[in-house]
Every structure is written in structure tokens, then in C-alpha cells.
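This briefing goes through one protein model by topic. Please have the sequence and the structure open while reading.

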Amino acid sequence: VKLGQSTDTSGEELDACGPDAPTALELFTALRDATGAPARVAPVGGWLSNATLTALTRPIDWVTGDTLLDADDLDLLGSGLTRADDPDDPRIQERRSLMAWIKEHGAELGQEYVSSRTRYYAVK
């Protein structure tokens, strides 16, 4: 913000996810399809909690020294907070589509390992 520039907001809340509102299953399926990964994607909602899912991935965390699945991220995804409230709102429609971006860049995704702990928590 430049000196003398207003910091007033409209008071409205807009989602930061663009026009797409995928479910977790749709998102993970799109990632699998775009990358050509031989993964199986299955809906687990209702019978496996996010805490159980993240606990099941802990052995991978120990081997990699990283966090494969974060319970907070899964909770956010499942809560609907990351979904556009009104995907048809022109202000949302103008934003980049996550699903289109995944299709566009699928061949590049997963080619290089990026540690989330290093990316987000390393002291720089």
C-alpha cells in the first residue's frame, strides 16, 4: 500500500480459489488424470476420518522426513471453505481456473520432489 492510499475494503468476502469448486475426489482425480499417474482414487468420506487418513500416511512421513497429508488441509478441503461460494460471479469467473491449470501443467507436476517442510517451515 502506497503512502496516502486507502486500505478500505468493500466488506465483501470473495474466495481465493477461482471459479472451480471441486470436491476432494474431483481434485485428486484431475491430478491423477493430468499427470498420468497409476494411482487409484477412491472416495473415503464418512468412513475414514481425516485424522485416520493422516495417521495412515505417517510411515511415509517418517521415511521422507516430510508431511504427505496434512489433517488441517484435508479439513479445509472437506469443509467447503476452499470452494467458490458463487462460481458464476463474474469476479470469480475472471480468475484462473485451477482445474484448467492442472490440465495445462499436468505433465510437469510431480516430476520433482518439493518438501513441504522445507518450503514452508525452513528458517531462511
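Arg32 is partly exposed, because its relative accessible area of 23% falls between the 20% limit for buried and the 50% limit for exposed. The side chain of Arg32 forms a salt bridge with that of Asp33, with 2.9 Å from N to O. The model is a predicted one, and the points below place this pair in its wider setting.

**Charged side chains**
- The salt bridge count for the model is one, and the pair concerned is Arg32 and Asp33.
- Side chains of opposite charge can pair when their charged atoms come close.

**Overall make-up**
- The protein has seven helices and zero strands.
- Along the sequence the pattern therefore reads α-α-α-α-α-α-α, with each α standing for a helix.
- Of the 124 residues in the protein, 18% are buried.
- The exposed area of the protein is about 9,700 Å², and 55% of that area comes from carbon and sulfur atoms.
- Among contacts with a separation of 6 or more, 70% join residues that are 24 or more positions apart.

**Helix 1**
- Helix 1 covers residues 24-35, which is twelve residues.
- At 1.5 Å a residue, helix 1 should span 16 Å, and the 17 Å between its end C-alpha atoms agrees with that.
- Gly36 follows helix 1 and has a positive phi, near 75 degrees.

**Nonpolar core**
- The largest nonpolar core consists of five residues: Leu27, Ala30, Leu77, Met99 and Ile102.
- Helix 1 and helix 6 (98-105) are the elements that each supply two or more residues to this core.
- In soluble globular proteins, nonpolar side chains tend to be buried together.

**Loop before helix 6**
- Ser97 sits in the loop between helix 5 (90-93) and helix 6.
- A polar atom of the Ser97 side chain is 3.0 Å from the backbone nitrogen of Ala100.
- Setting aside neighbours within four places in sequence, Ser97 has contacts with Pro19 and Asp20.

**Loop after helix 6**
- Glu108 is located in the loop between helix 6 and helix 7 (116-121).
- Glu108 has a relative accessible area of 54%, so it counts as exposed, the cut-off being over 50%.
- Glu108 and Ala34 are 74 residues apart along the chain, while their C-alpha atoms are 9.4 Å apart.

Definitions and conventions: Residues are numbered from 1 along each chain as its sequence is written. This is a predicted model: local features need pLDDT of at least 70, side-chain atom pairs count only at pLDDT 80 or more; totals for chains, interfaces and linings use all residues. Side-chain values use heavy atoms; hydrogens and water are left out. Helices (H or I, at least four residues) and strands (E, at least two) are DSSP runs, numbered from the N terminus. The expected span of a helix is 1.5 Å times one less than its number of residues. A nonpolar core is a set of buried Ala, Val, Leu, Ile, Met, Phe, Trp, Tyr and Cys residues joined through side-chain atoms within 4.5 Å. Buried means under 20% relative accessible area, exposed over 50%, partly exposed in between (1.4 Å probe, protein chains only). Contact means heavy atoms within 4.5 Å. Accessible areas come from the Shrake-Rupley method with a 1.4 Å probe; for residues, only the protein chains shown count as cover. A polar contact is a pair of N or O atoms within 3.5 Å; within protein, one must be able to donate a hydrogen and the other to accept it, and residues adjacent in sequence count only if both atoms are side-chain atoms. A salt bridge is a side-chain nitrogen of Lys or Arg within 4 Å of a carboxyl oxygen of Asp or Glu.
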